[in-house]
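Trainee: Could you take me through one part of this model closely, namely the sheet of the second chain, and show how its strands are put together?

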Amino acid sequence: MIKLTDYMKAIDAVNFTPALDIGVIELEGAYVCDMLSDVMGSAKPKQAWITIMKHLNVVAVASMTGIPVIVFAKGNQPDDTVIDKATEEGIALISSPHETFVLAGKLYQMVKS
Amino acid sequence: MADYWNIAPGMENALKECFSREVEADVTLEFVIPEKDFNNAGKGSSEVKNLLKRLGVDSEILRRIAVASYEAEINVAAHSVGGKMTSLIYDDMIHIKFEDNGPGIADIKQAMVPGYSTADDLVREFGFGAGLGLPNIEKNSDALHISSEAGQATLVEFLIFFS
């Protein structure tokens, strides 16, 4: 298990939900997908969700599935309505300039080492 | 109307009775689901989830209820002209019914096949339409009933027990 904050340093991430205490979030892996139903069918709690989708429904999907953090790849940034909803639901939103392959690879390395 | 049931063998009578309980539910919640309104689809599931969380339902069971319910809500918004969600909460289970106003499912068996979808481009743009909605509902519920046919209203209802 690794700390989200350590992962964020490794991927040069910015945090869009400063109102949440992201220091308590721990990860044991990630689910990588842009199809929402597949995420709901297969993602597990304690996994980050790496995606390029950034509309309002991703927050609902994370909330229903029990995902603590959404990682937006390639510098994608959610708008304010999405950030407000995520803050309300307690879902952390972070964004990294790196591509999905790199984001998943770094997390895999950190979790396995 | 064509009917589809997913009930564990040997449990048919007991579970079908649970779908038509005569005793009144402890709590009944109703939400309207407008056509193609993906920003609001999910509100019903979210309220049900929050209420059950306050009532102390186990987190893994809560996750199953939330996923099945959200998938069904999205289905009504994505595929029908609109409908409603009715949640009947008892002390031992939740029974959620999704009733829409058509246009119905022509072949329910085919709709249950993972990957099969009739979703339009708008629905797919939102990241839905993977053809996994109904299979996810089946996977996460203890019993599922679908009643529909082409040109008619659709009823999707499922039961999830709290223990």
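Mentor: Let us begin with a single pair of residues: B:His145 has B:Glu157 in S6(B) as its bridge partner. This is a predicted model, in which local features need pLDDT of at least 70 and side-chain atom pairs count only at pLDDT 80 or more, while totals for chains, interfaces and linings use all residues. Residues are numbered from 1 along each chain as its sequence is written, and chains are lettered from A and ligands numbered from 1 in the order in which they are written.

That pair belongs to the antiparallel pairing of S5(B) with strand S6 (residues 155–161) of chain B, which extends over five bridges; strands here are DSSP runs of E with at least two residues, helices are runs of H or I with at least four residues, and both are numbered from the N terminus. Two strands count as paired if DSSP finds at least two bridges between them. S5(B) and S6(B) form a hairpin with six residues between them, and in its turn B:Gly151 has a positive phi of about 85°.

S5(B) also pairs with another strand: six bridges join strand S5 (residues 143–148) of chain B to strand S1 (residues 2–7) of chain B, and the two run antiparallel. Within this pairing, B:Asp3 has B:Ser147 in S5(B) as its bridge partner.

Stepping back to the whole sheet, chain B has an open sheet of six strands in the order S1-S5-S6-S4-S3-S2, with antiparallel pairing. S1 and strand S2 (27–34) of chain B are the edge strands, each pairing on one side only. From one strand to the next, the twist averages 10°, where axes are lines fitted to C-alpha atoms, for helices over the stretch in contact, and angles run from 0 to 180 degrees between N-to-C directions.

Further along that order, strand S3 (residues 82–89) and strand S4 (residues 93–100) of chain B run antiparallel and are joined by seven bridges. In this pairing B:Ile89 stands opposite B:Ile94 in S4(B). As background, strands of a sheet pair through backbone hydrogen bonds, either parallel or antiparallel.

A helix completes the picture: helix H2 (residues 43–54) of chain B lies across S2 and S3 of chain B and runs at about 160° to S2(B). Contact, as used here, requires that the C-beta atoms of two residues, placed from the backbone, lie within 7 Å. Chain B also touches chain A, in a contact that takes 18 residues from chain B and 16 residues from chain A.
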